[in-house]
Amino acid sequence: MTAVARACARALTRAGHVASVAPVLRLSGRARDSVGLDPDARAANLRGRLRCSGPAPPKAVLLDDVITTGATAIACTAALNAAGTRET
């Protein structure tokens, strides 16, 4: 995903936006593999387990390699917002 994120940042920069890759999200605690979990269980599995390991950017574009129920994207957005990101 890092290569995809870098390509996206380059495209945004070419389009006149300030963009860089900031891999600040870290999974803390023990999250189970989400294969086979229903949407509620996926959300509960990640709730409170994602943290920013560095300064949160004021704006962020979040990339996820697979969107199933959206639980990961929701948890990542919550972690970024809690750390100070205002636009995701």
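Helices and strands are here runs assigned by DSSP, of at least four residues for a helix and at least two for a strand, numbered from the N terminus. Counted this way, the protein has 3 helices and 2 strands. The model is a predicted one. Along the sequence the elements follow the pattern α-β-α-β-α.

The overall dimensions come next. The C-alpha trace spans about 40 × 25 × 15 Å along its principal axes. The protein has 88 residues, and buried residues make up 18% of them. Of the contacts between residues at least 6 apart in sequence, 59% join residues at least 24 apart.

Helix α2 covers residues 39-46, and its buried residues are R42, N45 and L46. Viewed down the axis of α2, these buried residues fall within an arc of 85°, so they line one face of the helix. An α-helix has 3.6 residues a turn, so residues three or four places apart point the same way. The cover over the buried residues of α2 includes β1, β2 and α3, with β2 at residues 50-52.

The loops on either side of α2 can be taken in order. The loop between β1 and α2 contains S34 and also D38. S34 has a relative accessible area of 25% and is partly exposed. The C-alpha atoms of S34 and L46 are separated by 9.2 Å, with their positions 12 residues apart along the chain. D38 is likewise partly exposed, with a relative accessible area of 44%. D38 and L27 are 11 residues apart in sequence, and their C-alpha atoms are 20 Å apart in space.

On the other side, R49 is in the loop between α2 and β2. The relative accessible area of R49 is 24%, which means that R49 counts as partly exposed. Leaving aside residues up to four places away in sequence, R49 touches R26, L27, S28, G29, R30, A31 and A44. R49 and A79 are 30 residues apart in sequence and 8.7 Å apart in space, C-alpha to C-alpha.

Earlier in the chain, the loop between α1 and β1 holds P23. P23 is exposed, at 56% relative accessibility. Although P23 and L80 are 57 residues apart along the chain, their C-alpha atoms are separated by 11 Å.

The next topic is the space between the atoms. Rolling a probe the size of a water molecule over the atoms shows where empty space is left. The largest pocket has a volume of about 910 Å³. Its lining consists of 28 residues, and those nearest the centre of the pocket are S20, V21, A22, V61 and L62. Three elements, α1 (2-14), β1 (25-27) and α3 (71-83), each supply at least two residues of this lining. Which element gives the most to the lining? Helix α1 does, with 5 residues. Sorted by class, the lining of the largest pocket has 20 nonpolar, 4 polar and 4 charged residues.

The cysteines remain. How many disulfides does the model have? The count comes to 0 disulfides, where a disulfide requires two cysteine sulfur atoms within 2.5 Å. For C8, the closest cysteine sulfur is that of C76, and because the two sulfurs are 15 Å apart, they are too far for a bond. C52 is in no disulfide either, as the nearest cysteine sulfur, again that of C76, is 9.2 Å away. C8 is partly exposed, with a relative accessible area of 32%. C52 is also partly exposed, at 22% relative accessibility.

Key. Residues numbered from 1 in each chain as written. Predicted model: local features only at pLDDT ≥ 70, side-chain atom pairs only at ≥ 80, totals over all residues. Heavy atoms only, no water. 1 Å grid on protein atoms, 1.4 Å probe; cavity = no way out; pocket = protein on both sides within 12 Å on 5 of 7 lines; lining within 4 Å. Points joined across faces, edges and corners; volume = space filled by probe spheres on them. Nonpolar A, V, L, I, M, F, W, Y, C, P; charged D, E, K, R; others polar. Buried < 20%, exposed > 50% of the residue type's maximum accessible area, 1.4 Å probe, protein only. Arc of directions from axis to C-beta. Contact = heavy atoms within 4.5 Å.
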